[in-house]
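Trainee: I should like to learn how features are read from a structural model. May we take one and work through it together?

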Amino acid sequence: MSKPTILRTVCLYALGFIVRFIFLKSSTLTNSFGNRVEVSTPITSWKKAIEGVNLWKHGTNPYDSDIFHESPLGLLTYDFILTHFPDWLPVIFAICDVLTAVVLSLVAKIYVNNSMKKEQDEKIPESSEPLLLKSENIAWVPFYVATAYLLSPYSIVSCGGKSTVTFQNMLLAFFMLFTVCSNWFFASIILAMLSCHSFYHVTLLIPLAMYVYQIGDNKKDRTWKVLKVLGTIATFVAVTIQLIFTFRSVTGSWHFLWCTYGCILSVPDLTPNIGLFWYFFTEIFEHFRVFFLCTFQLNVFVYTTPLAVRLRKEPMFFLLIHLIIITIFKSYPCIGDVGFYFALLPIWSHLFHFMRQRFIVCCVLASCTLLAPTLWHLWIYSGSANANFYFAITLAFNTGQVFLLTDILSAYIKREYYLENGVKYNEDGTLVLMRLQ
């Protein structure tokens with residue numbers, strides 16, 4: 001199987017940039033997308049970012065109000081962009097999103113090559129050899145990853161609406177690149193920046209430490225590997241502490257902690273989004289609020305340890321699984337988060353054969369994506385529906401994501417079992433699929 005040509009790749013990136021630039025240059029489309037609750041949340045709204053910067057320029061601390069909820073790192077970045085490049089916003093957003101696709105394609109290329117070499121060095125039953133990764137099968141994977149990100153409606157609309165998740169996705173892509181390149185120092189620094197922006201990402205320190213420990217020659221001194229892991233954790237903690245104290249120095253108080261992390265934790269803004277929090281905490285009795293807040297927030301963290309144990313051989317796959325969990329259970333998710341992990345799925349395309357709910361998942365996610373704007377219009381503008389209609393569609397959308405999560409996880413377990421125990425085939429030569437009971 002031939003590799004994608006340079007011309008084809010350049011055309012793909014050019015198309016991705018042009019589509020985003022056209023949307024961003026049209027103020028009508030940008031405002032339309034930016035006003036969508038699926039695109040902009042209280043954390044990722046570009047309008048709130050502009051308001052925060054304007055307050056900052058006029059000598060008012062934006063964290064003294066209930067407007068700006070991003071970290072001071074985001075505030076300083078947006079202030080720099082709006083001060084020096086206000087007319088270049090469409091180009092900046094489009095370039096950052098295309099750069100994310102470029103970095104993710106590099107991540108895919110490095111990771112699949114490393115995985116192929118790793119599998120070839122392992123001893124497996126002869127009947128399982130057709131399941132091994134081969135160069136002709138993975139040649140197009142980086143191209144498919146870039147395509148999945150650049151042409152995904154979720155990523156296009158998110159960038160077109162100037163959602164600040166665009167910059168977060170770019171940082172997350174660089175974090176993954178430095179991780180697969182075994183550059184634990186820069187990976188730790190970028191992860192610290194991500195964690196200061198949204199503390200959910202602190203859980204990604206575990207797959208990073210696992211990857212740092214496993215990469216390289218297995219015969220190397222274990223003490224050296226432990227020292228690298230400790231160095232990774234120490235760098236992450238040191239940079240995080242340094243950033244927090246820098247934020248304190250810049251803003252002049254500790255109030256930013258409550259306006260950023262406190263907002264994410266306590267969920268005071270119940271503006272509808274594609275998440276699970278807003279409707280539930282609108283209806284709940286106030287004296288139960290703290291209990292259910294703790295219960296809901298724990299969902300992101302409670303699966304970390306068991307998944308780390310079960311997926312200890314594949315830390316990057318564990319990272320993908322955890323990104324999906326974060327997207328489902330975070331307090332203010334948006335479709336930009338969904339578009340990011342969707343782009344990573346082609347890296348594990350060798351698992352698609354073992355998935356049994358692909359059609360159902362695609363239908364659920366596609367139908368919910370199309371119906372969500374319709375039900376929002378019926379509720380807010382027509383008045384012929386209510387909040388239950390919109391929450392039902394967001395609940396179905398998250399159910400589809402859960403199905404995707406469990407299906408690809410079970411596919412990984414099946415393939416792992418076949419590689420260790422051999423494969424049986426039907427009379428027609430097709431693979432006998434294992435069913436998990």
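Mentor: Let us begin with burial: a residue is called buried when its relative accessible area is under 20%, exposed when over 50%, and partly exposed in between. Please bear in mind that this is a predicted model. Cys-259 has a relative accessibility of 6%, and therefore counts as buried.

Trainee: How many disulfides does a search of the whole structure find?

Mentor: The criterion is a pair of cysteine sulfur atoms within 2.5 Å. Zero disulfides are found in the whole structure. For Cys-259, the nearest cysteine sulfur belongs to Cys-263 and lies 8.0 Å away. For Cys-363, which is likewise in no disulfide, the nearest cysteine sulfur is that of Cys-362, 6.9 Å away. Cys-363 counts as partly exposed because its relative accessibility is 36%.

Trainee: Which residues have the most contacts inside the largest nonpolar core?

Mentor: The general idea is that in soluble globular proteins, nonpolar side chains tend to be buried together. Here the largest nonpolar core has 135 residues, and Phe-175 and Phe-317 have the most contacts inside it. Helix H5, residues 89–121, supplies the largest share of this core, with 14 residues. Leaving aside residues up to four places away in sequence, Phe-175 touches Ala-187, Ile-190, Leu-191, Leu-194, Leu-204, Leu-208 and Leu-319.

Trainee: How is a salt bridge recognised, and which residue forms one with Asp-97?

Mentor: One looks for a side-chain nitrogen of Lys or Arg within 4 Å of a carboxyl oxygen of Asp or Glu. By this rule there are six salt bridges. Asp-97 pairs with Arg-20, the closest N and O atoms being 2.6 Å apart. This pair links distant parts of the chain, since Asp-97 is in helix H5 and Arg-20 is in helix H1 (residues 6–25), 77 residues apart. Asp-97 and Arg-20 are both buried.

Trainee: Where in the chain are the partners Glu-119 and Arg-415?

Mentor: Glu-119 forms a salt bridge with Arg-415, with 2.9 Å between the closest N and O atoms. Glu-119 is in helix H5 and Arg-415 in helix H20 (residues 387–421), 296 residues apart. Glu-119 counts as buried because its relative accessible area is 11%; Arg-415 is also buried, at 6%.

Trainee: Which residues form a nonpolar patch on the surface?

Mentor: Ile-233, Val-237, Ile-241, Phe-245 and Trp-254 form such a patch, with about 450 Å² of accessible area together. Val-237 belongs to helix H12, residues 222–251. Its relative accessibility is 38%, so Val-237 counts as partly exposed.

How values were computed:
Residues numbered from 1 in each chain as written. Predicted model: local features only at pLDDT ≥ 70, side-chain atom pairs only at ≥ 80, totals over all residues. Heavy atoms only, no water. Patch = residues over 30% accessible without salt bridge, like charges linked within 9 Å, V, L, I, M, F, W, Y side chains within 5 Å. Areas by Shrake-Rupley, 256 points an atom, 1.4 Å probe, with all protein chains shown as cover. Helix = DSSP H or I, 4+ residues; strand = E, 2+ residues; numbered from the N terminus. Buried < 20%, exposed > 50% of the residue type's maximum accessible area, 1.4 Å probe, protein only. Core = buried A, V, L, I, M, F, W, Y, C linked by side-chain atoms within 4.5 Å. Contact = heavy atoms within 4.5 Å.
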